[in-house]
Structure formats: structure tokens, C-alpha cells
Amino acid sequence: MKLYQLFGSKYEYLKGKKAFLFDMDGTLVDSLFIWEVLWSSFGEKFLGDKGFAPSAEDDKKVRTLTLKDAMILIHENYSLGESGEELLNLANEIMIDFYSN
């Protein structure tokens with residue numbers, strides 16, 4: 001099976017590609033800005049205020065955690081959303097939209 005076949009016809013543009021480069025740590029593309037987008041989105045959705053930001057200590061800490069663990073920490077420390085899982089799902093939606101557009 002070809003790689004593009006795994007993803008269906010929506011990803012036909014993958015056809016013929018021989019390699020992919022994944023930047024998972026922000027070395028090639030600065031991905032740290034996404035945290036500001038997440039904080040603003042969380043604040044707007046749960047607090048009605050785009051100015052939400054965690055403490056400097058928590059902001060620094062989440063950047064060293066997996067996204068799942070980061071969302072659990074934010075939920076537990078700030079009572080945003082029903083669960084860390086809800087924040088994780090929302091964060092994934094926000095990031096997909098952010099990097100797709």
C-alpha cells in the first residue's frame with residue numbers, strides 16, 4: 001500500500017512523494033507561538049477573555065511536556081474545560097486550523 005492510500009483521496013497530493021520532513025521540535029519552523037494562540041483561544045472559550053495566560057511558571061513547564069500532559073496540567077491548575085482530554089481535543093483542532101490556514 002502506498003502512503004497516500006492510507007489517507008484517502010483527500011491527500012492525493014502525497015502521491016509520488018518519496019520523503020517527508022517532520023519538524024517535531026520547532027527547529028525548522030518556530031512553533032512556540034502556538035502556545036499564545038492556545039491561551040487566547042482557551043480564554044475566549046472558557047472565560048470570555050482572550051487575555052488568559054497561565055502563570056509564567058506553568059507556561060514554561062507546559063512547553064516541556066507532551067501536549068496531553070500539558071492540557072491535564074492546565075485543566076487541573078485553572079479549571080478550564082471539563083477535563084484535560086477536552087482541552088487536548090480543542091488544542092488539536094486549534095493547531096490543525098492554525099497550521100492549515
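## Leucine 38 in helix H2

Leucine 38 has a relative accessibility of 0%, so it counts as buried. The residue belongs to helix H2, which covers residues 33-47. This description, like the rest of the report, refers to a predicted model.

Setting aside residues within four places in sequence, the contacts of leucine 38 are Ala91 and Ile94. Its C-alpha atom is 9.7 Å from that of asparagine 92, although the two residues lie 54 positions apart along the chain.

## Asparagine 92 and tyrosine 99 in helix H5

Asparagine 92 is located in helix H5. Its relative accessible area is 33%, so the residue is classed as partly exposed; the limits for that class are 20% and 50%. Leucine 38, by contrast, is buried at 0%.

Tyrosine 99 also has its place in helix H5, which runs over residues 84-100. With a relative accessible area of 43%, tyrosine 99 is partly exposed. Together with Phe33 and Phe98, Tyr99 makes a nonpolar surface patch of about 310 Å². Residues enter such a patch only with over 30% relative accessible area, and tyrosine 99, at 43%, satisfies that condition.

## Histidine 75 in helix H4

Histidine 75 sits in helix H4. This helix, made of residues 67-78, has the highest confidence in the protein chain, with a mean pLDDT of 97.

The side chain of histidine 75 comes to 2.8 Å from the backbone oxygen of leucine 80. That distance falls within the 3.5 Å limit for a polar contact, so the pair qualifies on distance. Beyond its neighbours within four places in sequence, histidine 75 contacts Leu80, Gly81, Glu82, Ser83, Gly84 and Leu87.

## Serine 79 in the loop between H4 and H5

Serine 79 lies in the loop that joins H4 and H5. It has a positive phi of about 55°, although the residue is not a glycine.

The relative accessibility of serine 79 is 62%, and the residue therefore counts as exposed. The cut-off for that class is over 50%.

## Confidence in the model

Averaged over the protein chain, pLDDT is 85, and 79% of the residues reach at least 70. Helix H1, residues 3-7, has the lowest confidence in the chain, at a mean of 56. Helix H4, which contains histidine 75, stands at the other end with 97.

How values were computed. Residues are numbered from 1 along each chain as its sequence is written. This is a predicted model: local features need pLDDT of at least 70, side-chain atom pairs count only at pLDDT 80 or more; totals for chains, interfaces and linings use all residues. Side-chain values use heavy atoms; hydrogens and water are left out. pLDDT is the predictor's confidence in each residue, from 0 to 100. Helices (H or I, at least four residues) and strands (E, at least two) are DSSP runs, numbered from the N terminus. A polar contact is a pair of N or O atoms within 3.5 Å; within protein, one must be able to donate a hydrogen and the other to accept it, and residues adjacent in sequence count only if both atoms are side-chain atoms. Contact means heavy atoms within 4.5 Å. Patches are made of residues with over 30% relative accessible area and no salt bridge: like charges are joined within 9 Å, nonpolar side chains (Val, Leu, Ile, Met, Phe, Trp, Tyr) within 5 Å. Accessible areas come from the Shrake-Rupley method with a 1.4 Å probe; for residues, only the protein chains shown count as cover. A salt bridge is a side-chain nitrogen of Lys or Arg within 4 Å of a carboxyl oxygen of Asp or Glu. Buried means under 20% relative accessible area, exposed over 50%, partly exposed in between (1.4 Å probe, protein chains only).
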